Amino acid sequence: MQNVLIVGGGKGGLAILKILLETEFMKVIGVVDVRANAPAVLHAQENGISTGMKWEHYMTKQLDVIVETTGKQGVFQQLQRSKPADALVVPGLVAEIMANLMEEKEELIQRLKQESYKYDLIFNAAHDAMVVIDRNGYITLFNQSAERLTNFSHRDVIGKHLHEVIPNSKLVDVLHTKTIDQNSEFVLDSGRKVITTRIPILDENRELFGAFSIFKDITDVVGLAEEVTNLKEVQTMLQAIIQSSEEAISVVDEEGRGILINPAYTRITGLKKTDIIGQPATADISEGDSMHMKVLQTRRPVRGVRMRLGPSKRDVVVNVAPVIVDGKLKGSVGVIHDMSEIQELTNELKRARQIIRTLEAKYSFADIIGQSEEFQLAIEQARLAAKTPATVLLRGESGTGKELFAHAIHNASSRKFNKFVRINCAALSESLLESELFGYEEGAFSGAKRGGKRGVFEEANNGSIFLDEIGELSAHMQAKLLRVLQEKELIRVGGTTPIPVNVRVIAATNVNLEKGMADGSIRQDLYYRLNKIPIHIPPLRKRKEDIGALVTHLITKINQDYGRHVEGVTERALQSLRSYDWPGNVRELENILGRAIIYMHYTETMIDSVHLPSLEGKGKKEKKQVKEEVVVFEGKTLAHMMENYEAELIQKVLLANEYNRTKTAKQLNISLRSLYYKLEKYNLANNSMQ
């Protein structure tokens with residue numbers, strides 16, 4: 001059973017829906033249209049079929065065929081990009097052609113049935129009046145239509161001579177001439193004009209044993225003429241659609257012989273009608289098997305088959321579906337896609353994805369590896385910060401993962417569906433950075449674009465912006481950034497009109513901002529705006545217990561990047577990695593592992609110490625004993641002296657534990673959260689990162 005989704009609820013969608021409801025091998029699981037009262041939507045609801053206004057909701061379901069009946073090229077392309085991997089998208093033009101062809105074929109089959117069963121037509125037709133006489137001219141049959149036209153009941157005329165009922169009838173003359181009299185105009189006694197055909201009835205020995213007359217009211221004839229005219233119009237319209245379609249179409253009959261191709265087919269394959277019409281389905285194939293013949297044998301559609309067609313061996317992808325009417329196979333229809341066009345669309349998609357990647361956050365908290373207490377505290381603080389719109393300041397050494405935290409905070413916030421823009425403040429000159437951040441007006445400087453340009457703050461409106469190396473901003477840039485944080489507005493370079501923006505700022509630095517405030521390089525008001533939610537990310541040397549998990553994660557990533565199959569590291573190599581202090585932090589660890597994997601032989605699966613470069617770990621410093629001192633400050637209160645003593649004590653214990661905050665908190669017998677609070681209170685936080 002094939003699951004089908006119909007996109008478009010107009011006339012075409014209604015026709016396709018009605019056809020599919022009569023099939024046994026295809027199931028319609030949904031009809032989508034922006035209009036709730038579209039014909040196909042209403043018909044689907046009457047038959048208990050799911051309806052909706054957005055096709056994206058159905059992309060997660062098991063889909064085999066998506067029929068696009070809107071006729072809009074943009075919708076077809078969107079469905080091609082968003083469809084499940086194995087789903088076939090039938091274009092709107094093809095769907096409409098199929099619907100009309102099936103309707104036309106159904107009408108032709110019905111006419112063939114009428115021609116094949118003349119006996120039933122004579123005795124049971126409702127619209128044709130019929131009179132049958134024997135060789136002596138006596139009436140043997142008089143149907144209801146004849147009763148309506150002559151105003152005689154068949155009970156009153158059966159067995160009577162024809163001239164007693166219709167005196168001026170010439171049907172008796174046929175008994176003598178034994179010739180057919182076709183389409184003669186005749187006037188009944190009731191005054192109605194009819195067109196009649198009189199036919200002698202002969203047995204197998206050509207002996208006459210009667211005659212019959214079929215006659216129609218002239219109104220019925222006019223109606224039939226109108227139907228023929230409409231049929232010609234439909235045929236003309238179908239021909240125009242097929243001829244103008246950009247999709248290459250090939251149709252064969254039930255025996256596999258070509259019956260139709262369109263100009264797009266000739267353009268792609270180089271084959272003309274004389275090469276295909278009436279020829280076997282294999283006539284156009286240069287390389288590969290005929291999918292038409294496969295479909296005719298299996299009665300199942302095939303999708304996405306690659307082959308080469310025509311004398312130029314054009315590389316194409318074909319989708320072929322059977323044409324089944326009333327359970328009988330009548331042929332198959334193939335839609336052919338030029339691979340060069342598909343490749344061009346693929347390249348455009350790749351370029352679009354590259355652009356999108358620069359405007360989205362790629363990582364979440366699940367990508368952050370580490371179980372040490374101090375690192376888990378940083379993750380907990382980041383999760384809490386993500387739930388607020390407040391500015392976040394990420395502090396830590398280079399390579400500790402500040403950008404990773406920024407991505408995760410954005411993806412866990414209410415702004416995750418909006419843009420995430422990254423800017424390195426140290427990578428651009430001041431003038432270029434100003435125009436990139438805040439944009440510029442037309443004519444602001446030499447080389448400025450006509451109409452000006454929006455800055456990244458405007459691009460990231462309602463989203464997040466990550467400002468790395470925030471400590472490298474000049475005084476002028478700090479003032480402009482402060483205005484954005486404080487007033488929620490900016491002024492473009494060369495402009496005078498404030499532009500409101502709603503951007504969540506995530507800043508990062510590896511320098512001592514407090515020292516910068518002291519020497520005047522960092523504005524104090526900007527510092528307090530940025531430092532609303534400070535998050536300290538510990539260096540790798542202070543969480544060496546996480547190195548094992550990090551190594552496993554990084555090896556998986558490097559295997560994907562380099563196409564290798566390294567399984568892990570030996571215990572000896574892991575001990576070597578843990579003995580090193582990692583001044584470059586996680587970035588340096590990834591560099592070391594990548595270098596080791598590159599130089600490994602393809603048959604080796606475990607990184608050993610011989611694969612690692614020389615790692616000279618820093619020697620353990622002798623822990624300095626904490627000496628308790630009591631210092632009396634003249635003119636100071638007891639509370640002030642207690643705070644000074646507490647700050648000095650914390651500083652000494654930090655130094656003795658090589659600034660490992662977890663060990664410091666344990667030695668002081670306080671919680672890690674309390675230690676962070678005291679480090680902030682006594683301005684020791686940034687010193688502890690050095």
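How are helix 17 and helix 19 oriented relative to each other, roughly parallel or roughly antiparallel? In this predicted model, the two helices pack at an angle of about 10°, and their axes lie 11 Å apart. Angles under 35 degrees count as roughly parallel, and helix 17 and helix 19 are therefore roughly parallel to each other. Helix 17 covers residues 430–438, while helix 19 covers residues 475–487. On the helix 17 side, the contact is made by Glu430, Leu433, Glu434, Leu437 and Phe438. Facing them from helix 19 are His476, Met477, Lys480, Leu481 and Val484. Sorted by class, this contact holds six nonpolar residues, one polar residue and three charged ones.

It helps to set this pair of helices against the whole chain. The protein chain has 690 residues, of which 44% are buried. Its secondary structure amounts to 27 helices and 25 strands. Among contacts with a separation of 6 or more, 59% join residues that are 24 or more positions apart. As for confidence, the average pLDDT of the chain is 83, and 87% of the residues score at least 70. Some care is due at residues 617–631, where pLDDT stays under 50. For that stretch the model has 18 contacts beyond four places in sequence.

Charged pairs come next. Side chains of opposite charge can pair when their charged atoms come close. A search of the whole structure returns 21 salt bridges. One of them joins aspartate 338 to arginine 314, with 2.6 Å between the closest N and O atoms. Aspartate 338 belongs to strand 16 (residues 328–338) and arginine 314 to strand 15 (residues 314–325), so this pair ties together parts that are 24 residues apart in sequence. The two partners can also be described by their accessibility. Aspartate 338 is buried, at a relative accessible area of 3%, whereas arginine 314 is partly exposed, at 29%.

A further salt bridge brings together the side chains of glutamate 514 and arginine 395, at 2.9 Å from N to O. Here glutamate 514 sits in helix 20 (residues 513–519) and arginine 395 in strand 17 (residues 392–395), so the pair ties together parts that are 119 residues apart in sequence. Glutamate 514 and arginine 395 are both buried.

Glutamate 646 and lysine 678 make up another such pair, their closest N and O atoms lying 2.9 Å apart. This salt bridge links distant parts of the chain, with glutamate 646 in helix 25 (residues 638–656) and lysine 678 in helix 27 (residues 672–681), 32 residues apart. Glutamate 646 is partly exposed, its relative accessible area being 26%. Elsewhere, Lys557, Asp561 and Glu590 are joined into one network by salt bridges that share partners.

One loop residue rounds out the picture. Aspartate 546 is found in the loop between strand 23 (533–536) and helix 22 (547–562). Buried means under 20% relative accessible area; aspartate 546, at 3%, is therefore buried. With neighbours within four places in sequence set aside, aspartate 546 is in contact with Gly370, Gln371, Ser372 and Phe375.

Terms used
Residues are numbered from 1 along each chain as its sequence is written. This is a predicted model: local features need pLDDT of at least 70, side-chain atom pairs count only at pLDDT 80 or more; totals for chains, interfaces and linings use all residues. Side-chain values use heavy atoms; hydrogens and water are left out. Axes are lines fitted to C-alpha atoms, for helices over the stretch in contact, and angles run from 0 to 180 degrees between N-to-C directions. Helices (H or I, at least four residues) and strands (E, at least two) are DSSP runs, numbered from the N terminus. Angles under 35 degrees count as roughly parallel, over 145 as roughly antiparallel, 65 to 115 as roughly perpendicular and the rest as oblique. Contact means heavy atoms within 4.5 Å. Ala, Val, Leu, Ile, Met, Phe, Trp, Tyr, Cys and Pro count as nonpolar, Asp, Glu, Lys and Arg as charged, and the others, Gly among them, as polar. A salt bridge is a side-chain nitrogen of Lys or Arg within 4 Å of a carboxyl oxygen of Asp or Glu. Buried means under 20% relative accessible area, exposed over 50%, partly exposed in between (1.4 Å probe, protein chains only). pLDDT is the predictor's confidence in each residue, from 0 to 100.
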